[in-house]
Amino acid sequence: MSILIDEHTKLLIQGITGKEGQRALKAASNYHTEVLCGVTPGKGGLDVEGVPVYDTVAEAVENHPALNATAIYVPPFAAKDAVLEAIDSNIALINIMTERIPIQDTSYYLAAARERGTRIVGPSSLGMISTGKARIGVAGGDKPNEIYMKGNVGVISRSGGMTNEISWQLRKNTFGITTAIHIGGDLLMGTSYADALRLFEEDTATEGIVIFGEMGGRYEFDIVELLKQGGCTKPIAIFIGGKFGKHLPEGMTIGHAGAIIEKGSGSVEEKEKALRSVGVLVAANYEDLPKLIASKLLTNIIS
Amino acid sequence: MNLYEFEGKNLFQKYKIPVPTGRMITEETKDITWEQFPCVVKAQVQSGKRGKNGGILFAKNKQELEQHIQTLLGKKICNDEVWYLLIEEKIPLKQEYYLSITYNTQKRVPTLLFATAGGMGIEEENAVLSLDINPLRILESFRVRALLKQAGVKGKDLLMIEDIAKRLFRIFEQEDARLVEINPLAKTEDGRFMALDAKIALDEDAGFRHDWKNFPERTTLGRRLTERERAVRNIDQGEFYYRGTAGKYIEIDGDIACLFSGGGASISMMDTLYALGQKPSNYTEYSGNPPREKVQALTNIVLSKPGLKGIWVVGGVANFTHIGETMAGIADALRVLKPKVPIVIRRAGPHEDEGKKIMENVAKECHLNLKWFGREISMGKSAKVLVDMIHKL
């Protein structure tokens, strides 16, 4: 099994005529994922590598009712509208790859998605990969099989590059992966660690979860809350990067509002302490993640 | 981008939030024709603790004012260089409130915060009330009044603070702010409300729909940009600004030159280096498959720092970054500079064999003390190899 995407995923690519969109089309097609069509306003009627392009998402859905996921590769200024268009057409999963979307726009489309029960992953996501089944985005590059093997570990990462590196370290230590997901590094995101953990909890094939986290924000504290409520019972190992921040001159966090909402500074050390208190395994180096999760899993054989 | 108080107050005035009469002083415009006493002299720095650290001084007359300007201008307050001062009339006040709007990352919506005890030390206050704002709707006045009522605000004050809160939200939305804060929001002795301070952080990602070029230069990490930092900024400008990034660089007082790929890898490897007792000469990161020329330009600047004892090029197993192309950029720089210090590279991903060959060739050609690693060892392990090479010298 896997989370979010699998052999039934039928993909739309918004921004398919751009360079990134075309690369995503190739990456999906090379990894068992059917891209039914693309959307680029003004380029309806064209095709990219035989995949039809429509002007609107509504037309795409009308012609391809099987569509159940979309990847957003449009420029930042057009991203809010593209996401709202996908929400409006009832596409269940929206993976936003666009980087540098204004936070106000993200806040808006996330609220719209919540109202409709749409799942958003991103923004600034590199994508996700369900081993042997489907891929959105370019995780694993042109040789995904060198890194992603079927197995029993789920991967959640705030860094695109580290999604791949951590999956590789797992592979080296004979662990395979159910789904690896890059949730994106923005302040506001559609799917947080806790959201992804809830999904992995439901997935019978996933027996343990490995997380790459970063300094800043307070999403790690949501994991703590989730575990306190019993929302995830599977073993979790996490690495949080960014301790070096304390060696730099005092940062430019201004005002008090963030600290009031966050109730604490959100330093790496603070996060680690809170996570340990609920039984999460905390790695001092990212390389230690496979070893840590191994200590809690009965099997670590690549299936 | 974090705005100085005087810039924030300019925005407040644009949206008709009352602020005290004031005047900006810079190193260039030390000439003061200020006649209103008593007055307050405020260092324009980003820290929220400047009041406790001598950044706010009161003057009863012209002589004291001149003294204070001397004391503050060009000095460091809370580790931040003071380039600008704000002189303001001193406002006799009855009470201080706290009012702000920022994003609540848990609920992923803007949240309005209010407290009846503003001023210094607000973070420790427990009596801060919050109101989540649904981005799909307007900020309804009745909700703001309910919040104020709950905080104990009475009578006409309810309407006056509500008005300011709504103007503040307009700034938050229309100016694409990530934070707008008034602390303190003062009630004056004659019953008016006034913003005595302003903290605004603008969302740089929304820069395309604003004209923000006119803001003056500001400190980064409490200081001016170094020459190298300024030079690196230019790399991502010009025709191919959008093709990968190679323009992130912070100069640090250490001796290991670092060229990291990818945000997550870079912060993890900075941690690793410090944990090994080493100090980097810089933080830098290139990502998104930048062209050879950009990587070469970045490498030149990173290696221009004197006193280096090692060079570390490291990144994860790349998803789509062309290892051959990026290594060619680094090799171009090495071929010219021919550094004598140990060099360790750990890189894997698309076209890794090409990258390895390029590096082996340049090492041979220029007699470099260089070791190449692919995915067979981890990134952290390669740091240990470099440290060992340095110690063996």
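These are my notebook entries on a predicted model of a complex that contains chains A and B.

**Entry 1: confidence**

I began with the scores, and found that the predictor gives the complex an ipTM of 0.91 and a pTM of 0.93. For chain B I noted an average pLDDT of 92, with 96% of the residues scoring at least 70. Within chain B, confidence is lowest in strand β13 (residues 245–251), where the mean is 82, and highest in helix α4 (residues 155–174), which stands at 98.

**Entry 2: chain B as a whole**

I then looked up the overall make-up of chain B, which holds 10 helices and 18 strands, and whose C-alpha trace spans about 80 × 50 × 40 Å along its principal axes. Of its 393 residues, 47% count as buried. Among the contacts in chain B with a separation of 6 or more, 70% are made by residues 24 or more positions apart.

The domain assignment divides chain B into domain 1 (21–89), domain 2 (93–209) and domain 3 (227–392). Taking centres over C-alpha atoms, I recorded 43 Å between domain 1 and domain 3 of chain B.

**Entry 3: the two domains of chain A**

For chain A the assignment gives domain 1 (10–121) and domain 2 (147–294), and their centres, again over C-alpha atoms, are separated by 27 Å. Eight residues of domain 1 of chain A are in contact with seven residues of domain 2 of chain A. On the domain 1 side, the elements that give two or more residues are α4 and β7 (119–121) of chain A, with α4(A) supplying the largest share, five residues. I counted that side by residue class as five nonpolar, two polar and one charged.

**Entry 4: where the chains meet**

Turning to the interface, I found 58 residues of chain A in contact with 57 residues of chain B. On the chain A side, at least two residues each come from α3 (76–88), α4 (103–116), α5 (160–172), β12 (208–214), α7 (219–228) and α8 (257–262). The residues on that side of chain A divide into 29 nonpolar, 19 polar and 10 charged.

**Entry 5: helix α3 of chain A**

I took α3(A) next, since it is listed on the chain A side of the interface. The helix has 13 residues and reaches 19 Å from its first C-alpha to its last, close to the 18 Å expected at 1.5 Å a residue. Its buried residues are A79(A), K80(A), A82(A), V83(A), E85(A), A86(A) and I87(A), and what covers them includes β1 (10–14), α2 (57–63), β5 (69–72), β6 (93–96) and α4 of chain A. Just after the helix, N90(A) takes a positive phi of about 60°.

**Entry 6: the nonpolar cores**

Which residues have the most contacts inside the largest nonpolar core? I72(A), V210(A) and W312(B) do, in a core of 148 residues. The largest share of this core, seven residues, is given by helix α8 (residues 323–337) of chain B. A second, separate core has 53 residues, including V19(B), V45(B), L168(B) and A201(B).

I followed I72(A) further and, leaving aside residues up to four places away in sequence, listed its contacts as Q14(A), G15(A), A79(A), A82(A), V83(A), I94(A), N95(A), I96(A), M97(A) and T98(A). Among them A79(A), A82(A) and V83(A) are buried residues of α3(A).

**Entry 7: helix α8 of chain B**

I checked the length of α8(B) against expectation: at 1.5 Å a residue its 15 residues should span 21 Å, and because its end C-alpha atoms are 21 Å apart, the two agree. The buried residues in α8(B) are I323(B), E325(B), T326(B), M327(B), A328(B), G329(B), I330(B), A331(B), A333(B) and L334(B). They pack against β14 (256–261), α7 (292–303), β16 (310–317), β17 (343–348) and α9 (352–366) of chain B. The helix is followed by K338(B), whose phi is positive, near 45°.

**Entry 8: G310 of chain B**

Is G310(B), a residue of strand β16 of chain B, buried or exposed? I found that G310(B) counts as buried, because it has 23 C-beta neighbours inside 10 Å, where the cut-off is 20 or more. Not counting residues up to four places away in sequence, G310(B) touches I256(B), V341(B), P342(B), L386(B) and I390(B). As a last check I took A177(B), which is 133 residues from G310(B) along the chain, and the C-alpha atoms of the pair are separated by 42 Å.

Key
Residues are numbered from 1 along each chain as its sequence is written. Chains are lettered from A and ligands numbered from 1 in the order in which they are written. This is a predicted model: local features need pLDDT of at least 70, side-chain atom pairs count only at pLDDT 80 or more; totals for chains, interfaces and linings use all residues. Domain bounds come from an automatic or database domain assignment. Two residues are in contact if their C-beta atoms, placed from the backbone, lie within 7 Å. Helices (H or I, at least four residues) and strands (E, at least two) are DSSP runs, numbered from the N terminus. Ala, Val, Leu, Ile, Met, Phe, Trp, Tyr, Cys and Pro count as nonpolar, Asp, Glu, Lys and Arg as charged, and the others, Gly among them, as polar. A nonpolar core is a set of buried Ala, Val, Leu, Ile, Met, Phe, Trp, Tyr and Cys residues joined through C-beta atoms within 7 Å. A residue is buried if 20 or more other C-beta atoms lie within 10 Å of its own, exposed if 12 or fewer, and partly exposed in between; C-beta atoms are placed from the backbone. pLDDT is the predictor's confidence in each residue, from 0 to 100. The expected span of a helix is 1.5 Å times one less than its number of residues.
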